Amino acid sequence: GQQFSTPSTLKQHYMVVPCKQRLVTLAALTQWQVGRNKRLIVFLSSCASVDLVYALFSAKIKAPCYKLHGQMSQ
C-alpha cells in the first residue's frame, strides 16, 4: 500500500548520441553541470564501463566522483 512519487525538483534528461561521440559528450555534459554546481548520476551498461569512466573522470573532473557496480565488494 505504499505510494512513491518523484521529487518535484528532480529533472531527468537523456540524449541519443552516436557511439563514437558518447565519452566526449558525457565529459562535456559533466563539466558543464559541475560548473553550474549541479549533481548528476550516470548509468552505464557494464561494470567495465563504470570502471573506465570513473578512472578517466576522477582524475579530470574538479568535483567528487564515485562509482558503484555489482562487482564491487560490500
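# Reading Pockets, Contacts and Cysteines

Mentor: Let us begin with Thr30, which is found in helix H1. Please keep in mind throughout that the model is predicted.

Trainee: Is Thr30 buried or exposed?

Mentor: A residue counts as buried when its relative accessible area is under 20%. Thr30 has a relative accessibility of 8%, so this residue counts as buried.

Trainee: Which backbone oxygen does the side chain of Thr30 reach?

Mentor: The partner is the backbone oxygen of Leu26, and the distance is 2.7 Å.

Trainee: I should like to move on from helix H1. Where is Arg36 placed, and which side chain does Arg36 join in a polar contact?

Mentor: Arg36 lies in the loop between H1 and H2. Its side chain and that of Gln33 are joined by a polar contact of 2.9 Å. With a relative accessible area of 41%, Arg36 is partly exposed, because that class covers the values between 20% and 50%.

Trainee: What should I notice about the phi of Asn37?

Mentor: The general idea comes first. Most residues other than glycine have a negative phi. Asn37 is not a glycine, and yet its phi is positive, at about 60°. Asn37 is placed in the loop between H1 and H2. Its relative accessibility is 71%, so Asn37 counts as exposed.

Trainee: Let us turn to charged pairs. How many salt bridges does a search of the whole structure find?

Mentor: To read such a pair, one asks whether a side-chain nitrogen of Lys or Arg lies within 4 Å of a carboxyl oxygen of Asp or Glu. Here the search of the whole structure finds 1 salt bridge. Lys67 forms this salt bridge with Asp51, and their closest N and O atoms are 3.0 Å apart. The pair links distant parts of the chain, for Lys67 is in the segment after H2 and Asp51 is in helix H2, 16 residues apart.

Trainee: How do Lys67 and Asp51 count in terms of accessibility?

Mentor: Lys67, at 33% relative accessibility, counts as partly exposed. Asp51 also counts as partly exposed, with a value of 29%.

Trainee: Which side chain does His69 join in a polar contact?

Mentor: The side chain of His69 is joined to that of Asp51 by a polar contact of 3.0 Å. His69 is placed in the segment after H2. Its relative accessibility is 14%, so His69 counts as buried. Asp51 therefore appears twice in our reading: in the salt bridge with Lys67, and in the polar contact with His69, whose burial follows because 14% is under 20%.

Trainee: How many disulfides does the structure hold?

Mentor: In general, a disulfide is a covalent bond between the sulfur atoms of two cysteines. This structure holds 0 disulfides.

Trainee: Why does Cys47 form no such bond?

Mentor: The cysteine sulfur closest to that of Cys47 belongs to Cys65, and because it is 16 Å away, it is too far for a bond. Cys65 is likewise in no disulfide. Cys47 is partly exposed at 21% relative accessibility, and Cys65 is partly exposed with a relative accessible area of 24%.

Trainee: May we now consider open spaces? What is the volume of the largest pocket, and which residues lie nearest its centre?

Mentor: A pocket may be read by its volume, its lining and the classes of its residues. The largest pocket contains about 1,300 Å³ of space. Its lining has 28 residues, and nearest the centre lie His13, Leu29, Leu40, Ile41 and Val42. Helix H1 (22-35) and helix H2 (47-60) are the elements that give two or more residues to this lining. H1 provides the largest share, 7 residues. Sorted by class, the lining has 17 nonpolar, 6 polar and 5 charged residues.

Trainee: How should the second largest pocket be described, and which helix gives the most to its lining?

Mentor: The second largest pocket holds about 770 Å³ of space. It is lined by 23 residues, with Leu40, Ile41, Val42, Cys65 and Tyr66 nearest its centre. H1 and H2 each supply at least two residues of this lining, and H2 gives the most, with 4 residues. The classes here are 17 nonpolar, 2 polar and 4 charged.

Trainee: Which residues should I look for near the centres of both pockets?

Mentor: Leu40, Ile41 and Val42 are among those nearest the centre of the largest pocket, and they are also among those nearest the centre of the second largest pocket.

Conventions. Residues numbered from 1 in each chain as written. Predicted model: local features only at pLDDT ≥ 70, side-chain atom pairs only at ≥ 80, totals over all residues. Heavy atoms only, no water. 1 Å grid on protein atoms, 1.4 Å probe; cavity = no way out; pocket = protein on both sides within 12 Å on 5 of 7 lines; lining within 4 Å. Points joined across faces, edges and corners; volume = space filled by probe spheres on them. Nonpolar A, V, L, I, M, F, W, Y, C, P; charged D, E, K, R; others polar. Buried < 20%, exposed > 50% of the residue type's maximum accessible area, 1.4 Å probe, protein only. Polar contact = N/O pair within 3.5 Å; in protein donor to acceptor, adjacent residues only side chain to side chain. Disulfide = S-S within 2.5 Å.
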